[in-house]
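User: Hey, can you walk me through this one? I'm new to this, so plain words please.

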Amino acid sequence: MSDVEQLNRDFGGAGVKFVTGAGGLVLAEVNNVHARATIALQGAHVMTYARSGEEPLIWLSRQARLAVGKSIRGGVPVCWPWFGPHADNPKFPGHGFARTVPWRLVQATTLPDGSNRLEFQIEQSEATRAQWPHASDVRTIVTVGPTLTVELLTTNTGKEAFTLGQALHTYFEIGDIHRLSVLGLDGCDYLDKVDGGKRKTQQGAVTFAGETDRVYLGTGNRCEIRDPALNRSIVIQCSGSRSTVVWNPWNEKADKMGDFGPEGWTGMVCVETANAADDVRSLAPGEQHRLVAIYSSAPL
Ligand code: TA6
């Protein structure tokens, strides 16, 4: 029996089915009364999410290179157990390995309101242990309903404390980056990665006039993306995070990256719920950290 047949036998039904998608990725396709979503088992990666009858909330590049072991341009990449380049070893993958390794589905439930909740657990291996020798249990729980909730749970199952960096590196579908603003970061310090990592302070809403790559520090539990072009506002409610990353590559960087497609950068923004830079977390033996983001939208 194939992986997909086994998954459909064990977890299929009530709004969830499993298929083999482009690039050989095994996908969970969720289609319930509230919304549709696609989740790759690789990386427990939410690739698409749209509420019934609405524009997608989550952006996925039309030129995303889908392949086993390759990161996906768009959706909700799970960056774990570090954010950005590895502190010591430049050969280790940027943003950690979690988004490019297999995760197993451990539970799929239909909630009383008809939402679907899928729980994934990372598959540890010699390759992951070579990069991350700490004993840990890591789960991503995705709830597809009138809102999209992504929870990243890390439990230290070893005898030593470890330091954890992470992010839900979410790409949002927007109408026009030139007219967009992000609220909720006013007064927060940030590291400006397009200006040598200089520490600055945000004044008012975040707007975009060029490549923007900022790690905001000491951030709160709510951000709002105001998108007049699509006449909607996207709200991000989060917990377990004190840093928020805001990123748009703009034209030159997007062209260099090669998987945004023509003008793709004008229709996306990343607002990432993270523990990065000053906000990495130390987990004591037995301690669990829960990073949660809840995404919703409403007309402007
Ligand atoms: O979160 C912003 C960022 O760190 C940018 O610097 C850029 O590298 C982006 O992530 C995408 O990284 P990726 O490894 O997915 O190409």
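Analyst: Sure, one term to begin with: a salt bridge is a side-chain nitrogen of Lys or Arg within 4 Å of a carboxyl oxygen of Asp or Glu. This is a predicted model, where local features need pLDDT of at least 70 and side-chain atom pairs count only at pLDDT 80 or more, while totals for chains, interfaces and linings use all residues. Residues are numbered from 1 along each chain as its sequence is written, and side-chain values use heavy atoms, leaving out hydrogens and water.

User: How many salt bridges does the structure hold?

Analyst: There are 20. In one of them, Asp 189 joins Arg 199, with the closest N and O atoms 3.1 Å apart. Asp 189 lies in strand S14 and Arg 199 in strand S15, so the pair ties together parts ten residues apart in sequence. (Strands are DSSP runs of E, at least two residues, numbered from the N terminus.)

User: And Asp 192, is that buried or exposed?

Analyst: Buried, at 5% relative accessibility. Buried means under 20% relative accessible area, exposed over 50%, and partly exposed in between, using a 1.4 Å probe and protein chains only. Asp 192 has a salt bridge to Lys 200 (2.8 Å, N to O), and Lys 200 is partly exposed at 25%.

User: New topic: what order do the nine strands of the open sheet come in?

Analyst: S6-S7-S8-S9-S23-S19-S18-S13-S16, with antiparallel pairing. Strands S6 and S16 stand at the edges with a single partner strand each, so one side of each has no neighbour in the sheet. Two strands pair if DSSP finds at least two bridges between them.

User: Which residue stands opposite Leu 118?

Analyst: Val 142, in S8. Strands S7 and S8 pair over six bridges.

Methods
Helices (H or I, at least four residues) and strands (E, at least two) are DSSP runs, numbered from the N terminus.
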